[in-house]
Amino acid sequence: MFTLAEVASLSDIQPTYRILKPWWDVFMDYLAVVMLMVAIFAGTMQLTKDQVVCLPVLQSTVNSKVQPDTSGKADFTTVETTTGQEEASMRTVSFGNAPTVTPDILLSRATSSQYQPTESGQELKKEQKDSSGRKTNLDFQQYVFINQMCYHLALPWYSKYFPYLVLIHTIILIVSSNFWFKYPKTCSKIEHFVSILGKCFESPWTTKALSETACEDSEENKQRLTGAQSLPKYVSTSSDEGSPSASTPMITKSGFKFSADKPMIEIPSVTILDKKDGEQAKALFEKVRKFRAHVEDSDLIYKLYVGQTVIKTVKFIFILCYTANFVNTISFEHICNPKVEHLIGYTQFECTHNMAYMLKKLLISYISLICVYGFICLYTLFWLFRIPLKEYSFEKVREESSFSDIPDVKNDFAFLLHMVDQYDQLYSKRFGVFLSEVSENKLRGISLNHEWTYEKLRQHVSRNAQDKQELHLFMLSGVPDAVFDLTDLDVLKLELIPEAKITAKISQMTNLQELHLYHCPAKVEQTAFSFLRDHLRCLHVKFTDVAEIPAWVYLLKTLRELYLIGNLNSENNKMIGLESLRELRHLKILHVKSNLTKIPPNITDVAPHLTKLVIHNDGTKLVVLNSLKKMTNVAELELQNCELERIPHAIFSLSNLQELDLKSNSIRTIEEIISFQHLKRLTCLKLWHNKIVSIPSSITHIKNLESLYLSNNKLETLPAAVFSLQKLRCLDVSYNSIAVIPVEIGLLQNLQHFHITGNKVDNLPKQLFKCVKLRTLSLGQNCITSIPDKISQLLQLTYLELKGNCLDRLPATLGQCQLLRKSGLIVEDHLFDTLPSEVKEVLNQDTSIPFANGI
């Protein structure tokens, strides 16, 4: 049997999940309660008052014959009663003074005595009066025995077990109605849904968002009436933000997505959301997102509800079919044949059932309740299959509000919302607010503006290497409104801000010329775009997929520098959209850091006015370079980490090329360097971090070369041809295997920077000190044992690196290098201590001459 606690737990479901109980489930629960009361009432009556009373049936008219015995000394008296063809002998035998009642006379004495003669009766009374003994009342026990036998033999089984069947059926129906609330795989989802739904319904953000939605139309009409004269100068015609005060910042909320084509409509907030309520609302957005992902992928709840409804319907049909057959079996009179004639002398009894009338009325009431219950089940099945309950549309909510991005849901999520609609449609409407990204963005904007005030942003402004005011915002939910009040800002960096929106207020930032968007597909208003188009000079865009590059980037006509960092492999080259680069008529520098296998043909659209092209690959081999030939105005070209094995021939067509950087490739030979003689303007050649073994003598043809970088290669010697480059001012051959510095180095009279760190040099030629214009001399990590005193001839020397050699002392003539100071002398401390004190004093003197190492 069910305990009281278990039955009580079923009633707890009602208040907890009442929003998921449609009217038919509630009505069926009440019907089940009434049926349960019927069962309890019938069972109580049956346990307390259910009785069967039986009397023997006489089969013919009774003819009583009395045969008295005249002899007074007889030992026994015989009374015969003949009934039809059967004879029943009733004898009273007296033995001594104690009379004995045989089993043959187990009848009512009142019944048998009426058939005996008067004289015989008088004699019996006299004998009984004279006899002595104990009265047994066996006649009463006979009827109790017969009543009990006939209760089980003659009474139909349905009359005896009807209350228990009703109780069992009712409990099964109750369990079937609430099984989906208790099933382990569905109860947790339902519990979470009810909890989240209740919080969404009561959240202050829901009321705020819906109230602002309701006033959007009136705000738009108000804007049309007031006109543009009431708008601030920095706000586009699509915005209405009012005049923010210093104490209470105005919080604006966007009703549409930002784009370069359409203006953003901003609605002033009616109330300011409490910080605690805002945090709670943000947590609700995250819970709704996770719950949707967890529930929307299956339809188990829907199937379980359909299954339990089908079970209740089948149960109703079953109960109705078999119960209707037993209604007529419940009657007041019953004929009983107990087959105990050898004990009582009668074969048939007529019995009455005192609860028959009551049970029949209760059964008819129960059938009526079951019929109503069954019709409701059929209606439920009709509702379940009439409309697609595994799909739920928020179309009406989208029409009534500005949250046009509320998605339609499916499967169990949709079914739960359909069930909630049967309770109150306002629940799903409020719940839809937390499915909208626009609503979430509005909330983030409010929280963001509360946290990032003007004073806090001002504390994060710093000066960069170019002495410009820079602000770097990292991993925020959006761009705070107070950012646009920093009118003196030069550089703005936005990193990992997926919902960045640039409003019309950016037009206040007249000093802004550089913008960084790192994984930040920012959206802009029309007015903001117009400002950026006219003022922005440098733009850095870092992305994972090329689709993240905002479309408005290709429309910035005054842009001069563009840095693209992200995945631009061969499959995505067609998607780059660089066809629009032809609109960037003032673009001079294009920096692409990616994994290109070929230079995208669309880049050539900006070739006529491009002066610098930088391609930094991630080790992917750059194969096709024919597009370079069209870039006739390119003055600086960098192809780094592109796995080049030779110098590309397309470079030789760049007649205006001044600087070539082929760093971090796989170049082994540079025999093609002879073709550089056609590049009359080439002044800087960087071939560092390659695998070059030797320098060909044809390098002498690059007569205008001023800087040559060959560090981190495999050079073992420096050919004399290098020192025929009279205009050479910087020579870097660090980290090779060079053992000797040729004496021809003295021919480089214009040499200012010489780096030979990390080689095998053990001796410095005296001709080196004829390069009197040397300002930087790097000799570290070699095998040098001594420094000649002629180093004093380098009067312009400001940087000298000697650390990592085999020196015992430093020459005292270092003090004659007028521009050299201790900060520019890189040497071990013990070697510095070997210098005379007066030299130390000279080197320790402060100087205002800036230090430069030439790299």
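Which strand does L800 lie in? Select residues 799-801: this is strand β29, and L800 lies in it. L800 has a relative accessible area of 0%, so it is buried. To see what covers L800, show the residues in contact with it beyond four places in sequence: L777, I791, L814, L820, G824, L825 and I826. Then add T776, whose C-alpha atom is 6.2 Å from that of L800 although the two residues are 24 apart in sequence.

**The whole chain**

Zoom out before going further. This is a predicted model, and colouring by pLDDT is a sensible first step. The average pLDDT of the protein chain is 77, and 78% of the residues score at least 70. The protein chain has 21 helices and 30 strands. Of its 855 residues, 48% count as buried. The exposed area of the protein chain is about 42,600 Å², of which 53% comes from carbon and sulfur atoms. Among contacts with a separation of 6 or more, 56% link residues 24 or more positions apart.

**Two stretches to treat with caution**

Select residues 216-271. Here pLDDT stays under 50, and the model has 100 contacts beyond four places in sequence for this stretch. Next select residues 848-855, where pLDDT also stays under 50 and the model has 17 such contacts. Where pLDDT is low, the predicted coordinates should not be read in detail.

**Annotated transmembrane regions**

An unreviewed UniProt entry places the feature "transmembrane region" at residues 27-47, 161-181 and 363-385. Select residues 161-181: the chain is 100% helix and 0% strand here, with the end C-alpha atoms 31 Å apart. Move to residues 363-385, where the chain is again 100% helix and 0% strand; the end C-alpha atoms of this stretch are 33 Å apart.

**A three-stranded sheet**

Select β1, β9 and β8 together. These three strands form an open sheet in the order β1-β9-β8, with antiparallel pairing. β1 (52-56) and β8 (333-336) are the edge strands, each pairing on one side only. On average, neighbouring strands of this sheet are turned by 25° against each other, direction ignored.

Start with the pair of β1 and β9 (residues 349-353), which is antiparallel and has five bridges. Two positions are useful for orientation: V53 has T352 of β9 as its bridge partner, and L55 stands opposite E350 in β9.

Now turn to the other side of β9. β8 and β9 run antiparallel and are joined by four bridges. Show I335, whose bridge partner in β9 is E350.

Which side chains of β9 point to the buried face, and which point to the other? Show side chains for the strand: F349, C351 and H353 point to one face and are buried, whereas E350 and T352 point to the other and are not. In a regular strand the side chains alternate between the two faces of the sheet.

**Parallel pairs around β19**

Select strand β18 (residues 538-542) and strand β19 (residues 561-565), which pair in the parallel sense over five bridges. Within this pair, V541 stands opposite L564 in β19. Add strand β20 (residues 589-594): β19 and β20 also pair in the parallel sense, over five bridges. Y563 has H591 of β20 as its bridge partner.

**Two buried loop residues**

Go to M631, in the loop between β21 (612-617) and β22 (636-640). Is M631 buried or exposed? Its relative accessible area is 1%, and M631 is therefore buried. Show L654 as well: M631 and L654 are 23 residues apart along the chain, and their C-alpha atoms are separated by 6.8 Å.

The last stop is S711, which is in the loop between β25 (707-709) and β26 (730-732). With a relative accessible area of 3%, S711 falls under the 20% cut-off and so is buried. Which residues is S711 in contact with, leaving aside its neighbours within four places in sequence? Show W688, H689, D732, V733, S734 and N736 to see these contacts. Of these, D732 falls within the range of β26 (730-732).

Note on methods:
Residues numbered from 1 in each chain as written. Predicted model: local features only at pLDDT ≥ 70, side-chain atom pairs only at ≥ 80, totals over all residues. Heavy atoms only, no water. Buried < 20%, exposed > 50% of the residue type's maximum accessible area, 1.4 Å probe, protein only. Contact = heavy atoms within 4.5 Å. Areas by Shrake-Rupley, 256 points an atom, 1.4 Å probe, with all protein chains shown as cover. pLDDT = per-residue confidence, 0-100. UniProt positions renumbered as here; feature names shortened; annotations may be inferred. Pairing = 2+ DSSP bridges. Axes fitted to C-alpha atoms, helices over the stretch in contact; angles between N-to-C directions.
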